[in-house]
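Here's a quick tour of a single-chain model, going from the overall numbers down to one helix and one residue. Have the viewer open while you read.

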Amino acid sequence: MLVDGEAARLKGEADEPGWEVDPDDEWGVAVVETVGRQLKLRRESVGMRAAEFGAAVGYGEDLVYKIESGKRIPRPEYLDKADEVLGAGGLLSAMKKDVEKVQYPKKVRKIAELEAKAVELQLYDPLSIHGLLQTPEYGRGLLLMRRPAYTEAEVERFIAARVARKSIFERDPAPELGFVLEEWTLRRPLGGKAGLRRQLEHLLEIGQLRNVELQVMPMDREEHAGVDGGIEVLKFGDGSSMGRSPAVFNGRPVSEPKHLRILELRYGIIRAQALTPRESVAFIKQLLGET
């Protein structure tokens, strides 16, 4: 394939960071190997060599082999291009839903699956802007602060997972989402002031959604029920709930009514102590003007 008389640059591993398969993730490995095997069978059935196919979809031959052998996670656009080039009639593109789940690191997949089923989420993070609200730029800045440092591949995979989780805002019917944000997390310019501005702008956009309530906990509050750590409470359509907090029950997920009552009581007090949603939006606008 030629572009302006020169060979087109094909994507290699350096262009696809963060898409390696975690060898300890048995389910993820099985999914990627199955997808890779289907890609290889489809390619061979039409008589295309790996190098020829790679040129057609814009990937290097080595990366094509790694995807087909289940050692690399194919990106959604790769599956779409493969479907078109191989005339699969949508069968390869349909595997994007399975591959999307593998993007999540194993330790966060369960909570992502629960988020996708919840009809109501009550969320409080005292250390940073919640992952569902983060821009990719803010999320990257946050991940780069961690010590011991994540590898670039790990950073990219965590970013991909957080971006994928944002599909919760596009669900129909939409779940009810409540967030309590600490003022200091809205002031600290992780990754630079320009990134903070974009993060604040993003919060204002999200705050306009009818199913989302943002509340800010000011730093000057003399009483604060959230000093023991973050809280997550997820409620489901069948009436059941699940919650967790690092400071309660050793951070393990709980579903027993007596345990959930403790989390919901704490979350309710935190909300009462924070600014109202209307006041919070005005406060974020003020911070944006100061940034």
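What follows starts with the chain as a whole, then moves on to a helix and a buried alanine.

First off, this is a predicted model. Confidence averages a pLDDT of 88 over the chain, and 94% of the residues score at least 70. Residues 1-7 are another story: their pLDDT is below 50, and beyond near neighbours in sequence the stretch makes seven contacts in the model. Where pLDDT is low, the predicted coordinates shouldn't be read in detail.

As for secondary structure, the chain has twelve helices and seven strands. Its C-alpha atoms fill a box of roughly 70 × 45 × 40 Å along the principal axes. Here are some whole-chain percentages:

| Quantity | Value |
|---|---|
| Buried share of the 291 residues | 46% |
| Share of contacts with a separation of 6 or more that join residues 24 or more positions apart | 71% |
| Share of the accessible surface belonging to carbon and sulfur atoms | 52% |

That accessible surface comes to about 15400 Å² in total. On the charge side, there are 44 positive and 48 negative side chains, and the centres of the two sets lie 2 Å apart.

Now zoom in on helix α3, which covers residues 61-68. Which of its residues are buried? They are Leu63, Val64, Ile67 and Glu68, so an acidic residue sits in the list alongside Leu, Val and Ile. Looking down the axis of α3, the buried residues fall within an arc of 135 degrees, so they line one face of the helix. The cover over them includes α1 (26-45), α2 (50-57) and α4 (76-85). After α3 comes glycine 70, with a positive phi near 80 degrees.

One of the helices just named, α4, also holds alanine 82. Is this alanine buried or exposed? With a relative accessible area of 0%, alanine 82 counts as buried, because the cut-off is under 20%. And what does alanine 82 touch, leaving aside residues up to four places away in sequence? Its partners are Leu39, Phe53, Val57 and Leu92. Of these, Leu39 falls within the residue range of α1, while Phe53 and Val57 fall within that of α2. For a sense of distance, take glutamate 113, 31 residues from alanine 82 along the chain: the two C-alpha atoms are separated by 28 Å.

Methods:
Residues numbered from 1 in each chain as written. Heavy atoms only, no water. Helix = DSSP H or I, 4+ residues; strand = E, 2+ residues; numbered from the N terminus. Buried < 20%, exposed > 50% of the residue type's maximum accessible area, 1.4 Å probe, protein only. Contact = heavy atoms within 4.5 Å. Areas by Shrake-Rupley, 256 points an atom, 1.4 Å probe, with all protein chains shown as cover. Charge placed at Lys NZ, Arg CZ, Asp CG, Glu CD. pLDDT = per-residue confidence, 0-100. Arc of directions from axis to C-beta.
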